[in-house]
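Thank you all for coming; I would like to take a few minutes to walk through one model with you. Please keep the sequence and the coordinates open while I talk, and stop me wherever something is unclear.

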Amino acid sequence: MDRVAGEAGDFTVTLLRKPRYVLEEKCTGCTTCVEYCPALCPDAFNQGLSQSKAIHIHYAQAIPLIAYIDDSCLYLKERKCRICEAVCKNRAIDFRQKPETLAVNVGAVILAPGFEPYDPRESGRYGYGRLANVVTSMDFERLMCATGPTEGEIRRPSDGRPPRRIAWVQCVGSRRVTPGENRYCSAVCCTYTQKQVILTKDHDPEAACTIFHNDVRSFGKDFERFCERAARLPDVRFIRSYVSIVGETAGSNVVVRYATASEGVREEEFDLVVLSVGMKPPAEAARLAERFGIALDPSGFCRVDPAHPLQTSRPGVFVSGAFAGPMDIPESVFAASGAGARCGELLSRRRGRLARERVFPPEKDVAAEEPRVGVFVCHCGANIGRVVDVPATVEYARGLPHVVYAQEQLFSCATNCAKEITAIAREKGLNRLVVAACSPRTLEPLFRDTLREAGLNPYFFEMANIREHCSWVHSLEKDAATRKARDIVRMSVARASRLEPLKEFTLPVHKAALVLGGGVAGMTCALSIAAQGHLVHLVERGEDLGGLARRLHTSLDGMDIPARVRDLAERVYANPRIRVYTRARVVSAEGYIGNFLTRIASDRGESEIRHGATVIATGADLYRPAEYRYGQDGRVLTLLELEEAIARGEERVLGAGRTVMIQCVGCRNAERTYCSRICCSAAVKNARRLKELNPAMDVCILYRDMMTYGFREEAYREAAERGVRFIRFEPERPPRVEAVAEGGASVLRVVVDDPVLGRTLAMDAGVLALAAAVVPAADAPEIAGLFKVALGPDGFFKEAHVKLRPVEFATDGVFLCGQAHYPKHLPETIKQAYGAAGRVAALLANDTVVASGAVCEVLERRCIGCGSCIAACTYGAIRISETKAGPKAAVNPVLCKGDGLCNAKCPTGAIVLKHFTDEELASQIDAAADAAASETLNRKAG
Amino acid sequence: MNQENGSALTETVRLLCRTPGGPRFGDVLVVGGGISGIQASLDLASAGFKVYLIDRGPAIGGRMAQLDKTFPTNDCSM
Amino acid sequence: MENLADYQEIVDLIRANGGEAFKRCFQCGLCDAVCPWNRFRAFSMRRIVREAAFGLTDIESEDLWRCTTCGRCPAQCPRDVRQIDSGTALRRIATEYGVFPPTARPVRGVRGSLMAEGNPLNEPRRKRADWAEGLGVPAFAEGMEFLYFPGCYLCYDPRLKKVARATAAVLQAAGVAFGILGERENCCGESIRKAGDEEAFKRLARENIKAFIDHGVRKILVSSPHCYHTFKNEYPEFKAAFEVVHIAQLLPGLLAAGRLAFGDGRARTVAFHDPCYLGRHNGIFAEPRAVLSRLPGIRTVEMAETQADSLCCGGGGGRIWMETPRGERFADLRLTQAIEAGAEVLVTACPYCIANFEDSRLTLGLAEKIEIRDLTELVQEAL
Ligand SMILES: Cc1cc2nc3c(=O)[nH]c(=O)nc-3n(C[C@H](O)[C@H](O)[C@H](O)COP(=O)(O)OP(=O)(O)OC[C@H]3O[C@@H](n4cnc5c(N)ncnc54)[C@H](O)[C@@H]3O)c2cc1C
Ligand code: SF4
Ligand code: SF4
Ligand code: SF4
Ligand code: SF4
């Protein structure tokens with residue numbers, strides 16, 4: 001990146017492309033050059049734990065999987081060598097390449113330069129770089145990984161022995177004011193450490209794992225359960241103490257000292273110590289900031305306004321991912337969709353102008369022809385070719401029944417290879433295709449288009465997965481892998497020969513969205529969808545928009561919440577593309593992606609809404625405490641009630657001599673195995689506010705782990721600085737609250753055991769505030785039923801995939817955001833709302849969606865109308881309808897996901913899944929079982 | 001299944017990488033090819049925008065590519 | 001069960017005495033993990049901090065007096081609790097109330113001696129310059145480059161007088177213009193302050209400052225890191241700023257300029273012990289090593305805990321005046337570490353360290369195995 005000129009909607013960015021000295025079109029990723037290159041250098045991808053060469057491929061699954069030459073090249077440095085040029089058969093090496101400048105014109109920019117892991121050498125305190133067996137968590141990721149320097153066997157650096165006693169040291173470079181470290185909490189290291197512990201135990205069940213921490217921050221969705229999973233493994237200890245790394249023994253074991261409240265300081269030896277390093281801004285942050293003219297915050301991350309968490313200080317330049325501060329992958333992903341939505345708002349008029357439409361030739365009818373199968377075996381660069389003998393597999397395929405053609409390809413998915421497949425299919429009159437490559441999950445759609453191009457029905461296609469199922473998992477047994485690849489190809493050919501042509505449905509997309517819930521999530525999402533050019537129906541149960549945020553008054557990050565909520569609501573009401581329904585209730589919901597029909601009753605009366613996408617932004621409820629005298633004593637409030645009382649200026653609250661807060665009320669227990677995420681920060685926020693308003697007040701916060709992750713850690717520290725006292729309690733010994741009569745008055749007394757002091761403390765509280773858990777909305781199950789979406793184990797709405805599809809449901813066309821998904825802070829809610837809006841816009845941008853042909857069908861003759869299939873179907877795709885022959889099941893092909901659960905249930909075999917018919921599957925299984933045939937064929941081919 | 005989902009991302013990106021570059025005119029420039037940059041590019045592309053994805057390194061994937069498996073589902077990161 | 005209300009006054013008192021930072025602690029335990037005491041016996045700074053934060057301090061406890069102010073925990077504390085300053089606040093309160101547990105009792109006598117004679121050793125003021133007898137060391141006069149301030153132990157302690165003499169000899173050999181204040185010199189006050197007697201410290205400091213100003217002093221050369229620390233970092237509280245140089249800082253320049261001529265030197269293996277107040281507190285690590293590297297015949301080895309991780313000798317924070325039972329003496333461990341590292345001589349640059357090491361050397365019967373030297377002595381021996 002070199003220069004940036006222009007403004008939102010019209011930027012000109014000058015880019016500098018470094019030469020890789022390897023021609024992308026010619027390099028096959030064969031790595032011959034790497035073998036011959038004499039220039040060794042530490043491999044940065046493996047954290048310098050292994051050696052690499054000046055010419056190399058970044059990592060085994062790198063995209064693009066082609067070699068490049070870096071600065072350690074002898075020719076580039078000293079003008080000698082050029083061995084690679086001589087050994088490359090493909091003549092892919094080109095030392096004449098020069099740095100290239102190109103100017104691009106864009107309407108918007110998204111900055112996603114990520115983060116840099118903290119380097120413990122910066123503080124000099126942890127023995128890193130000095131003691132061989134002290135590694136960072138980033139190093140450890142590589143040590144665990146199959147593509148890492150130890151090929152997936154965890155071995156310690158000093159002597160290559162598998163470590164048996166491993167210690168993790170938390171908050172390295174985080175939560176510390178000491179020079180060379182950072183003050184904020186890095187938010188991901190507690191949980192990635194638990195992950196590393198679980199994986200270590202997978203590698204070696206005997207390994208003893210110890211985690212030294214001060215607060216386990218399991219604030220994310222499913223984190224608490226994940227943490228428990230790690231803690232329950234045998235020989236796993238969580239010890240609440242930071243440690244001092246003392247030195248090493250003669251055998252290079254690392255000596256560590258730590259402090260326990262009960263036994264004092266202990267010294268212990270470990271075979272390996274892993275430093276759980278935190279996140280730093282990317283090295284280039286300052287330069288990027290200068291080029292783009294954006295502001296950074298004091299810690300060097302991109303500065304964002306909490307109310308506009310995806311926006312930099314320069315209009316048209318957006319930010320996503322960890323560049324905006326420490327965050328995990330799920331958040332980085334929905335922030336990305338959110339940033340995409342913000343660009344979409346800005347550029348909605350440009351949409352589609354630069355994209356191209358595809359037209360396919362008419363489909364030939366080949367159903368009556370004999371199967372003529374073509375087989376294409378992919379090298380996947382070196383991913384498959386390095387393990388499986390591809391030419392031999394091609395040779396073998398040629399000998400299989402019905403196969404009339406077979407060849408190998410370097411990257412079958414590459415545009416030119418796909419074109420080649422089409423051309424050959426036409427030329428050779430193929431009517432069935434098998435591509436032996438990777439998982440059909442991703443590339444099947446691409447190859448189906450290839451068939452369409454050839455004028456064939458796209459369902460005459462079968463993928464043989466010889467990468468994930470073969471080369472990746474059997475990388476060390478090349479012969480066996482080649483044999484397995486042949487088996488897989490044989491099975492695929494057998495199935496391909498039986499495949500039938502199927503029809504797909506194209507469904508028009510109704511270009512409107514229904515957003516359920518008018519809180520900050522719903523309003524933000526609605527506004528963004530509307531700004532991207534679509535109609536939105538915003539359905540709110542209450543009398544007014546705003547949701548829970550209407551009860552909030554201050555925030556830790558300085559956002560003026562009341563003003564923000566007012567502003568959002570005004571903009572929603574004023575937006576001509578948004579129709580608001582208040583006091584609304586969903587009466588019924590039916591339909592499918594692109595074509596939903598929802599009936600609601602509201603202030604506007606009964607309405608029937610047609611929409612192409614649905615967003616669930618219904619928020620969550622608050623737990624009503626049954627403990628700590630809540631409801632019995634007027635002095636006991638929830639945190640939210642306290643916040644409201646402060647905002648009203650209630651004297652009994654502001655004038656209290658002491659306010660006590662108790663955290664984790666109603667969650668992080670056996671009944672609700674999750675952390676409500678927001679309440680620790682809320683306690684700190686209100687404590688800070690009380691201290692501002694009445695400095696003489698004593699404020700005590702009774703907590704289990706302070707979940708002030710990310711920049712919130714600084715607020716936690718500031719609160720302590722202001723004199724707020726934090727008292728930790730063990731879950732087994734929660735605080736006790738009683739009303740005692742003293743001097744004729746009733747005193748509200750809170751009693752708690754301080755584990756460090758080993759003493760019991762009593763506090764007489766003027767006000768007791770309970771951090772009541774955030775719980776799933778009472779009507780979540782009902783909503784889930786109506787819209788046919790799932791709830792997770794905690795009762796919150798369940799996304800399709802935590803990391804890959806964090807804002808959508810498994811049910812197509814339905815999205816989610818905000819607290820309906822999981823408790824979260826407002827900036828996170830806003831990000832996620834934009835994320836959902838981005839996904840909705842991506843859907844509504846299309847005029848049509850395609851429904852698969854591989855769906856179930858009922859053979860009415862056999863159906864006895866028993867309804868077993870209806871119970872089995874998760875998507876509500878089957879109904880009983882009355883026919884002349886009695887009640888019969890009928891499948892709505894649009895709702896059917898083709899998972900085939902119903903097939904297994906039907907007592908008469910009346911329901912079949914097209915594309916996976918019994919005959920098709922049986923043929924495949926027969927081919928698998930046909931070991932003898934395969935042996936003889938193998939011999940012939942080999 | 002999760003693993004396949006993981007590679008879904010990789011594959012789609014591979015496709016993105018292989019689409020022939022048009023004239024030097026796009027809608028959005030994405031700086032940084034980590035998980036966040038990739039996701040943003042994919043979203044924008046499917047919403048009908050032309051995207052430039054640039055990374056200072058030789059391949060995309062960012063830090064996540066260096067991770068063995070990722071929490072909280074412990075599936076493969078690639 | 002303690003009711004917090006009953007202890008609020010004590011919290012306020014601690015705060016008023018400079019213990020404000022106690023409230024920052026988030027109980028990570030790192031101070032306990034790094035504290036040298038826990039190598040010998042249980043001692044929890046975290047507990048002291050926590051008790052103070054709630055006013056639950058036991059003002060009569062021995063633990064209050066244990067901290068040697070070695071500086072390890074404040075250097076690592078993630079919340080900047082400033083254990084030394086905060087701990088001093090508690091000692092101040094104990095001093096104010098006149099409660100001294102048995103170990104801390106000598107502090108009262110020290111105070112008497114400091115007030116009467118300007119030194120903690122109960123020695124007469126008039127003998128303060130006796131160490132220099134016959135060395136031709138002049139009284140400081142304006143125009144001299146340095147005021148040499150040897151400090152109490154170098155003036156009176158028989159072992160440490162040798163260090164003062166060695167310093168004078170080295171300075172003279174190098175042609176450095178310096179003089180001394182003799183009777184007008186008072187204890188720098190660093191240690192009595194850490195022992196909680198703020199008033200005594202203030203008096204000593206004021207008298208010293210007056211003497212410096214009266215004599216037109218600009219640059220002060222010291223042999224003790226404790227003098228160095230207080231002149232440099234604490235006297236400025238009285239709006240008095242002098243240029244302060246520790247001898248370990250001066251020597252490398254003299255050597256580099258060729259102002260000292262050496263003979264062949266005896267071949268010896270030495271280890272340098274970083275005094276807390278020279279190293280950790282003031283960041284002077286490289287200079288003494290630079291000196292050693294230029295001495296003939298000297299081979300240096302590093303001990304187990306060095307530089308920023310140096311193990312305290314046990315003498316700081318007023319502990320030099322208190323009795324530490326055998327088995328709890330940090331210096332004993334330090335000597336063992338030096339011998340393990342293969343050193344024949346343990347070199348350092350602080351009078352407390354030398355006093356404690358010599359003591360351990362005798363009580364442990366290691367006189368044959370290891371010698372103790374001040375850096376300056378080693379330089380003098382090489383001349
Ligand atoms: C040891 C460790 C383990 C972790 N484990 C997990 C886990 O199990 N689960 C989880 O959810 N999270 C985990 N995380 C966090 C996770 O890595 C991040 O949330 C995620 O990678 C952030 O993605 P990103 O795209 O924002 O940043 P990155 O992955 O850092 O990607 C940024 C990309 O931008 C590029 N770039 C930077 N500057 C420029 C520039 N100027 N021009 C062009 N390109 C640029 C970089 O080269 C990089 O490719 C872990 C973190 C660490 C340190
Ligand atoms: S508390 Fe924060 S900084 Fe410390 S390890 Fe956990 S997530 Fe990382
Ligand atoms: S109070 Fe809330 S945020 Fe804090 S740990 Fe408990 S549940 Fe989590
Ligand atoms: S190191 Fe600091 S924060 Fe940690 S326990 Fe000690 S005083 Fe408290
Ligand atoms: S300063 Fe040194 S002696 Fe004092 S408590 Fe801290 S580590 Fe221990």
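Let me begin with a definition that I will need in a moment: the expected span of a helix is 1.5 Å times one less than its number of residues. What we have on the screen is a predicted model, and the first use of that definition is helix 24 of chain A, residues 918-929, where the 12 residues should span 16 Å, and where the end C-alpha atoms are indeed 16 Å apart, which agrees.

Staying with helix 24 of chain A, the buried residues there are Glu920(A), Ser923(A), Gln924(A) and Ala927(A). Viewed down the axis of helix 24 of chain A, these buried residues fall within an arc of 95°, so they line one face of the helix. What do the buried residues of helix 24 of chain A pack against? Their partners are strand 23 (461-465) and helix 13 (478-498) of chain A. On the face of helix 24 of chain A that is turned away from the buried side, we find the exposed residues Asp918(A), Ile925(A), Asp926(A) and Ala929(A).

Next, the domains of chain A, which is divided into domain 1 (19-98), domain 2 (116-280), domain 3 (373-500), domain 4 (508-619 + 777-847), domain 5 (622-774) and domain 6 (855-913). Taken over C-alpha atoms, the centres of domain 3 of chain A and domain 5 of chain A are separated by 63 Å.

Now to the ligands, beginning with ligand 2. Around ligand 2 we find Gln170(A), Cys171(A), Ser174(A), Arg175(A), Cys185(A), Ser186(A), Ala187(A), Val188(A), Cys189(A), Cys190(A) and Arg217(A), a shell that divides into 6 nonpolar, 3 polar and 2 charged residues. Strand 11 (165-172) and helix 5 (189-203) of chain A each supply at least two residues of that shell.

One member of the shell around ligand 2, Ala187(A), deserves a closer look. Ala187(A) sits in the loop between strand 11 and helix 5 of chain A, and at 8% relative accessibility Ala187(A) counts as buried. The phi of Ala187(A) is near 70°, a positive value in a residue other than glycine. As background, most residues other than glycine have a negative phi.

For ligand 3, the surrounding residues are Gln663(A), Cys664(A), Cys667(A), Arg668(A), Cys675(A), Ser676(A), Arg677(A), Cys679(A), Cys680(A), Asp705(A) and Met707(A). Strand 34 (658-665) and helix 18 (679-693) of chain A are the elements that give two or more residues to the shell around ligand 3. By class, the shell around ligand 3 divides into 6 nonpolar, 2 polar and 3 charged residues.

Let me turn to how the chains meet. Which pair of chains has the most contacts? Among the 2 pairs of chains that touch, the most contacts are between chains A and B, whereas no contact joins chain B and chain C, whose closest C-alpha atoms lie 26 Å apart.

A residue that reaches chain B is Phe115(A), which, leaving aside neighbours within four places in sequence, is in contact with Met279(A), Lys280(A), Pro282(A), Ala322(A) and Arg63(B). Phe115(A) is found in the loop between strand 8 (108-111) and strand 9 (116-117) of chain A, and is buried, with a relative accessible area of 17%. The C-alpha atoms of Phe115(A) and Pro326(A) are separated by 7.9 Å, although these residues are 211 residues apart along the chain.

Chain B itself has 2 helices and 4 strands, and read along the sequence it follows the pattern α-β-α-β-β-β. Of the 78 residues in chain B, 62% are buried. Among contacts in chain B between residues at least 6 apart in sequence, 48% join residues at least 24 apart.

Finally, chain C, where the domain assignment gives domain 1 (2-103), domain 2 (106-252) and domain 3 (259-382). The contact between domain 1 and domain 2 of chain C takes 11 residues from domain 1 and 9 residues from domain 2, and their centres, taken over C-alpha atoms, are separated by 30 Å.

Asn122(C) lies in the loop between helix 6 (106-117) and strand 2 (146-149) of chain C; Asn122(C) has a positive phi of about 60° although it is not a glycine, and at 61% relative accessibility Asn122(C) counts as exposed.

Notes: Residues numbered from 1 in each chain as written. Chains lettered and ligands numbered in written order. Predicted model: local features only at pLDDT ≥ 70, side-chain atom pairs only at ≥ 80, totals over all residues. Heavy atoms only, no water. Near = heavy atom within 4 Å. Nonpolar A, V, L, I, M, F, W, Y, C, P; charged D, E, K, R; others polar. Contact = heavy atoms within 4.5 Å. Buried < 20%, exposed > 50% of the residue type's maximum accessible area, 1.4 Å probe, protein only. Arc of directions from axis to C-beta. Domains from an automatic or database assignment.
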